[in-house]
Amino acid sequence: MSITLKQVKNNAEIKAYIQHADKSLAALGFTEHSLAHVTKCAVIARRILLETGHGEREAELAAIAAYLHDIGNMVNRNGHERSGALMAFTLLRDMGAEVVRQLIVPDE
């Protein structure tokens with residue numbers, strides 16, 4: 001199933017994670033990382049991909065990634081990119097996203 005940014009934005013669990021991450025960062029003295037922040041990031045990511053000749057689906061995936069990019073901050077600021085990636089994988093899989101497995105073979 002092709003997940004859309006609209007579905008991601010309407011997911012209550014994702015919304016709660018983003019809000020919690022924003023509160024955690026505010027307590028640490030960081031600037032806001034609210035729903036407004038991730039929405040702006042998603043809009044910019046989509047625009048960049050479309051303006052550089054990528055297709056609509058790639059632009060949609062970039063927007064989803066940008067929207068989810070800070071959710072790991074609810075766990076810890078340090079390493080938030082790794083915890084966020086694991087969280088995003090689980091959330092998107094639970095929403096029915098197709099898991100793509102690709103073997104990457106290094107050049108010899």
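**A first look at an all-helix chain**

The accessible surface of the protein chain comes to about 7,100 Å², with 58% of that belonging to carbon and sulfur atoms (areas use the Shrake-Rupley method with a 1.4 Å probe, and for residues only the protein chains shown count as cover). Keep in mind that this is a predicted model, where local features need pLDDT of at least 70, side-chain atom pairs count only at pLDDT 80 or more, and totals for chains, interfaces and linings use all residues. Residues are numbered from 1 along each chain as its sequence is written, and side-chain values use heavy atoms, leaving out hydrogens and water.

**Overall build**
- You'll find 5 helices and 0 strands here (DSSP runs numbered from the N terminus: H or I of at least four residues for helices, E of at least two for strands).
- Of the 108 residues, 33% count as buried (under 20% relative accessible area; exposed is over 50%, partly exposed in between, with a 1.4 Å probe and protein chains only).

**Salt bridges**
- The structure holds 4 salt bridges (a side-chain nitrogen of Lys or Arg within 4 Å of a carboxyl oxygen of Asp or Glu).
- One of them joins arginine 46 and glutamate 56, with the closest N and O atoms 2.8 Å apart; arginine 46 sits in helix H3 and glutamate 56 in helix H4.
- Arg46 and Glu56 also belong to a salt-bridge network with Glu60.
- Glutamate 51 pairs with arginine 47 at 3.8 Å, N to O, and both lie in helix H3, about one turn of the helix apart.

**Aspartate 70**
- Aspartate 70 lies in the loop between helix H4 and helix H5, and is buried at 8% relative accessible area.
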